[in-house]
Amino acid sequence: MPHDSTSSRRPGQAVFRRGMYVLWVAIRTEPLVFLVAVAGAGLHAAFSVGSASVMGGITDRVVLPAFEHGSTTAAALLAAGGLLLGVGLAKAVGLAFRRLFAGLMQFRMQARFRRSVARTYLRLPLSWHHRHATGQLLSNANADVEESWRPLAPLPMVIGSIAMLAIAAAAMVITDPVLALIGFVVFPVLALANVVFQRRVSPVATRAQALRAHVSEVAHESFDGALVVKSLGREDTETERFTEAAHRLRDAQIHVGRMRAVFDPVMENLPNFGILAVLLVGMWRLSTGAITPGDLVQVAYLFTLLTLPIRSFGWILGDLPRTVVAWNRVQAVLTAQGTMPYGDRRVPEGRGGLRLTAEGIGFSYEDGYTGGGRDLSDTEHTAAGHSTVLHDVGLDIAPGRTVALVGPTGAGKSTLTTVLMRLVDPDTGTVRLDGVDVRELAKGEIARAAALVPQSAFVFEDTVRGNITLGAGIDDAEVWAALRLACADSFVAALPEGLDTPLGERGTSLSGGQRQRLALARAVVRKPRLLILDDATSAVDPQVEAQILAGLRETDLAATVIVVAYRRATIELADEVVYLERGTVSDRGTHAELLERSPGYQRLVTAYERAAAERAARLEPGEGGPEPHGLRPSRPAAAGGAAQDTDQTRETVR
Amino acid sequence: MTAPAARPEHRASGAAPQEGSDAGGAGLQRSEDGAIATIRRGLRLSPEFARGLWLTLLLAVVATAGKVIVPIAIQQIIDRGLTTAGGRPDIDFAAAVVAVCAGTLAVTMVCAYLMNVRLYRATESALATLRRKAFRHVHDLSVLTQNSERKGALVARVTADVDQISTFMQWGGLQLIVSVGQLLVATVLMAVYSWELTLLVWVCFLPLLIGARWLQKRLSRAYLAVRERTGDMLGAIGETVMGASVIRAHSTEERTAQRVDTTVLATRTAQVKAQRLSMAVSPFAEMIAAVGNAAVVIAGVLLGIGGGITAGELVAFLFLMTLFVAPMMMATEIFNEAQNAIAGWRRVLGILDTVPDIADPGEAGVELPRGAVRVRFEDVSYAYPGGPTVLDAVDEEIAPGTRVAVVGETGSGKTTFVKLLTRLMDPVEGRVLIDGTDLRDVAFSSLRARMVMVPQEGFLFDSSLAANIRFARPEATDAELEAAIEELGLADWLGGLAHGLDTPVGQRGESLSAGERQLVALVRAYVADPDLLVLDEATSAVDPHTEVRIQRALDRLTHGRTSVAIAHRLSTAEAADEVLVFDGGRIVQRGTHGELASRPGVYADLYASWVRSSA
């Protein structure tokens with residue numbers, strides 16, 4: 001995603017222009033704050049130059065006469081002291097306003113853009129999210145926004161410095177054009193050295209930054225895999241790998257240091273050489289009577305004052321390339337196209353399950369889908385670079401029915417669930433809920449009527465209650481009921497603060513199975529009329545899973561349920577099985593029917609048994625005990641039989 | 001006037017110093033040393049810091065002395081060059097002064113260069129050493145200690161915490177040296193001119209220095225608030241990305257947006273508050289400088305009339321006072337960074353202070369001969385620190401070449417059993433013996449060579465398939481790797497991968513499916529060729545195809561070796577030579593699957609419920 005508009009023929013200039021534009025955006029957005037900051041900077045700058053004149057004036061009119069005549073007046077002393085104090089006060093006020101408002105501007109812009117970026121993430125369709133890596137998007141909202149507005153902090157100072165230079169130049173010319181000439185040589189040279197330094201150090205510093213990130217990555221990975229490192233005894237090689245990264249960072253840092261070591265003394269002492277030149281030339285000017293000693297002091301003092309402002313240009317120039325890159329990234333997000341249009345229809349009122357129909361569904365992933373690592377990472381997409389396609393998928397599920405969606409890896413099961421929930425729109429075909437095309441439904445309607453529980457459950461940085469209600473007004477009794485249904489009530493009750501226990505990164509961490517049960521409770525608490533479970537109980541113990549599924553069938557929910565499953569027990573709980581192969585419905589019917597007539601289905605669901613049988617054949621025969629599991633004849637799996645099974649399971653578990 | 005990289009405006013802009021989490025973690029030592037003791041120990045740990053430090057400091061003194069050359073030149077010229085006997089400025093004298101001063105300046109510049117280079121080289125080398133030591137130590141800690149702190153915090157010990165020291169050394173520390181030197185040199189020269197005025201200047205600036213320390217304490221609290229709010233904010237924004245589908249599925253966009261808004265505004269408020277504190281110093285310093293200037297001019301003139309000071313000295317005094325302002329303005333930032341650096345150092349030392357509770361006997365350790373392993377648990381008990389007993393007087397023996405399955409419900413002690421067997425932990429009571437030798441006496445190198453554990457989650461490094469398998473035995477050739485895959489019956493799987501052995505596995509192996517990761521972990525274990533294999537069966541369901549492959553690979557992997565597998569699926573127990581059934585921290589049943597399943601008991605119950613749920 002990193003767009004770089006710097007690929008023009010003169011990259012430096014392009015970056016500068018683009019950088020100025022970014023600054024202009026900030027000024028346009030926060031004109032008032034900017035003006036106050038600049039006014040403060042101007043005040044500070046003007047009185048800084050003023051302080052040099054005051055120094056010169058006091059030298060000429062108070063100090064030298066007093067030393068010459070051996071006497072002075074109280075009025076002269078008070079005037080000198082008062083002037084110095086007044087100038088100091090003005091400088092302090094200017095400085096305070098400049099820094100306060102410069103910071104305010106920076107923080108406001110950061111906050112504004114972080115909100116915009118987050119809202120854009122919420123607005124863009126899921127298909128857009130699938131095309132972008134999680135880490136990238138997080139860094140867009142964090143580091144890139146921060147980088148974009150970094151130059152705002154020194155910006156008013158730089159503008160103040162320009163004013164200061166102008167005023168100082170005028171003051172010097174008025175004082176003595178010949179001495180001013182020295183300034184006109186020294187300060188441009190200083191500015192040039194500054195630019196050269198920033199140009200040269202910036203790539204090296206960027207490299208050091210990248211190496212710093214690399215050190216962190218190596219450490220992260222190595223500690224994450226600590227168990228593997230330990231169990232294979234590879235601590236030495238891991239330390240070697242890390243040390244190598246650390247040494248490369250060290251060398252880059254020393255390189256940066258060496259550049260600083262050259263430039264810093266030069267930058268610091270150029271004005272000093274200027275002052276020495278001023279002293280020498282000034283003596284000659286004094287001897288011709290062109291200037292007074294006070295003039296000399298004033299010009300020398302100005303030289304010491306201007307050093308820092310000149311350097312401030314370097315800060316901004318040094319930041320600009322990174323600012324531009326970061327800004328381009330942020331813009332790429334903010335201008336991303338794609339919304340999901342909604343209609344205004346509602347799901348027909350009523351109780352009980354919804355009828356779900358789908359006709360001619362076709363879907364293909366665009367290139368660049370990033371696969372794993374996000375909450376919808378179904379196994380279909382994790383193999384690098386292969387994209388799943390659905391074609392001509394049709395479904396008709398009667399209200400209240402439970403349907404198992406079965407198929408080998410890559411068949412498109414998870415993709416189909418996201419299409420049914422309208423998390424993504426298919427390329428072709430229509431999905432209907434109780435006869436209404438989902439694209440005609442108003443925003444939020446599908447969520448009101450249907451719920452999807454994905455395989456990897458997402459836990460919000462919130463309390464248990466917040467994670468279940470998601471802000472909806474649901475009372476605790478209902479929350480507990482949902483937790484019970486999801487077999488999550490006992491572990492939640494055991495948490496230190498029950499429903500109020502904070503979860504997420506900074507709170508209690510849950511196991512995979514617990515997270516899945518929480519996500520399930522989140523879905524059922526909404527009393528959905530269509531419930532889609534995308535392998536949503538894979539990390540739950542088989543016994544508990546059976547209990548959950550049986551519970552679901554028994555509640556007064558009466559929802560239509562679609563279950564993506566691998567486990568045979570889960571499949572057998574369904575009224576009907578839809579067998580998906582290579583993106584299309586290959587067959588549908590009861591488990592028993594499919595077992596009989598669909599070779600693919602048969603291969604899939606009996607894979608475990610065949611493996612066990614293979615093994616059993618290798619085992620010594622006649623060991624006694626019951627028949628090995630794989631050789632047991634498969635049982636009839638009619639809906640009734642399955643229900644009976646579940647009852648038994650519930651009894652044994654309880 | 002200001003020294004390297006002095007960017008107060010930047011530094012105070014809410015770019016709050018990065019910080020590695022403060023979370024101490026139960027198992028990790030926290031260094032309680034005071035600041036001075038921490039620094040002293042830190043310096044001892046990385047000898048590069050102190051090597052040649054005296055020369056660096058000497059160079060720093062000379063470089064700093066350069067700051068007073070200009071005021072001296074001004075004083076000399078005003079006092080002795082302005083008027084000669086003839087009443088005309090003495091240009092020759094001025095030229096001589098300027099020439100000498102310019103020469104001296106050039107010398108100080110060279111010293112500044114050398115000092116900087118030496119400082120960077122010394123600190124970066126020292127910190128690289130510190131990183132390496134801390135990194136190695138983390139790996140030497142036991143699994144128990146590693147888990148007691150979040151992994152992210154451990155990473156921070158070798159990254160952010162060390163970076164903090166580095167930042168301080170190269171900015172704050174340098175500033176500290178330069179500032180102290182600057183104040184010292186200026187004070188000495190001022191005192192030469194007039195001790196009365198010097199006293200006056202110090203009286204003006206001292207309150208600022210004290211105030212800076214006070215302010216810094218409040219400032220570090222304010223920065224802490226910024227970090228916390230920023231963490232909340234990043235968490236909330238992260239949810240819009242990582243929870244994208246859940247948010248859409250439950251249509252909670254508006255609520256999420258509001259949560260983001262709240263945290264973004266809280267962050268902004270905290271930033272503004274911190275900035276208000278951090279910027280307060282500069283205007284105060286300006287004001288105090290103005291008061292000092294006024295006081296010096298008035299007192300100086302009065303003093304001068306009495307002959308106590310010359311005009312040139314007074315003017316030089318005013319120039320020297322500018323040397324006071326910069327250190328004062330930066331004092332809070334310097335204090336703040338110093339505090340962060342010491343805190344960082346303390347955390348790194350805390351890691352190094354944590355004694356690995358599973359220690360390698362090293363040289364003194366026993367080297368075990370190769371061959372199938374006999375395992376013996378002798379009255380072994382275990383309890384986690386401060387917890388109840390999870391393994392209670394287990395006394396069992398596993399014969400060489402036996403394939404053992406360990407079963408039991410969650411919390412029954414089966415995982416603890418395996419951790420003790422692999423010496424990820426040591427028993428509280430009793431001994432674990434392999435081939436008659438106490439595990440604690442076996443050299444790690446020998447132990448790791450003979451025993452390999454395959455954890456539940458097949459962790460892979462972000463590299464190629466080959467590199468990940470080779471992790472077990474770096475010298476293995478591609479042909480050997482392919483042979484290993486072939487022998488495990490996985491040739492068809494490898495053939496199905498577009499890039500074969502060169503297939504990149506992605507971060508943490510995420511380009512592969514969970515099942516494929518498990519396959520790689522098995523091949524890795526096979527290549528390591530251990531005599532004792534310990535397996536923790538993966539719990540999450542993989543597709544049946546991969547499941548079968550895993551099963552096939554497992555059968556071949558365990559063939560002819562002693563193996564102990566935690567069985568989550570009882571099909572694994574069916575295939576084992578023997579089953580150990582755990583319940584309440586004890587082994588309650590032992591036998592073949594056939595024997596156990598036909599007898600009433602824990603195993604029969606487990607088996608019955610498993611059969612119902614999986615068939």
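**Two chains and a nonpolar patch**

In this predicted model, 170 residues of chain B are in contact with 169 residues of chain A. The size of an interface is often given as the accessible area lost when the parts come together. For chain B and chain A, the area buried between them is about 15400 Å², and 67% of this area lies on carbon and sulfur atoms.

Charged and polar groups also meet across this boundary. Nine salt bridges are found across the interface of chain B and chain A, and an example to look for in the structure is the salt bridge between D163(B) and R212(A), in which the closest N and O atoms are 2.9 Å apart. Across the interface there are, in addition, 29 residue pairs in polar contact, both residues of each pair having pLDDT 80 or more. On the side of chain B that touches chain A, the largest share is supplied by helix α11 of chain B, residues 253-305, which gives 31 residues.

From the interface we can turn to the surface of chain A, where L43(A), F47(A), L89(A), V93(A) and F97(A) make a nonpolar patch of about 390 Å². The elements giving two or more residues to the nonpolar patch are α2 (31-69) and α3 (74-123) of chain A, and the largest share, three residues, comes from α3(A).

One member of the patch, F47(A), deserves a separate look, and the reader can find F47(A) in helix α2 of chain A. Why does F47(A) count as partly exposed? The relative accessibility of F47(A) is 32%, and because partly exposed residues are those between the limits of 20% for buried and 50% for exposed, F47(A) belongs to that class.

Conventions. Residues numbered from 1 in each chain as written. Chains lettered and ligands numbered in written order. Predicted model: local features only at pLDDT ≥ 70, side-chain atom pairs only at ≥ 80, totals over all residues. Heavy atoms only, no water. Patch = residues over 30% accessible without salt bridge, like charges linked within 9 Å, V, L, I, M, F, W, Y side chains within 5 Å. Areas by Shrake-Rupley, 256 points an atom, 1.4 Å probe, with all protein chains shown as cover. Salt bridge = Lys/Arg side-chain N within 4 Å of Asp/Glu carboxyl O. Helix = DSSP H or I, 4+ residues; strand = E, 2+ residues; numbered from the N terminus. Buried < 20%, exposed > 50% of the residue type's maximum accessible area, 1.4 Å probe, protein only. Contact = heavy atoms within 4.5 Å. Buried area = accessible area lost by both parts, 1.4 Å probe. Polar contact = N/O pair within 3.5 Å; in protein donor to acceptor, adjacent residues only side chain to side chain.
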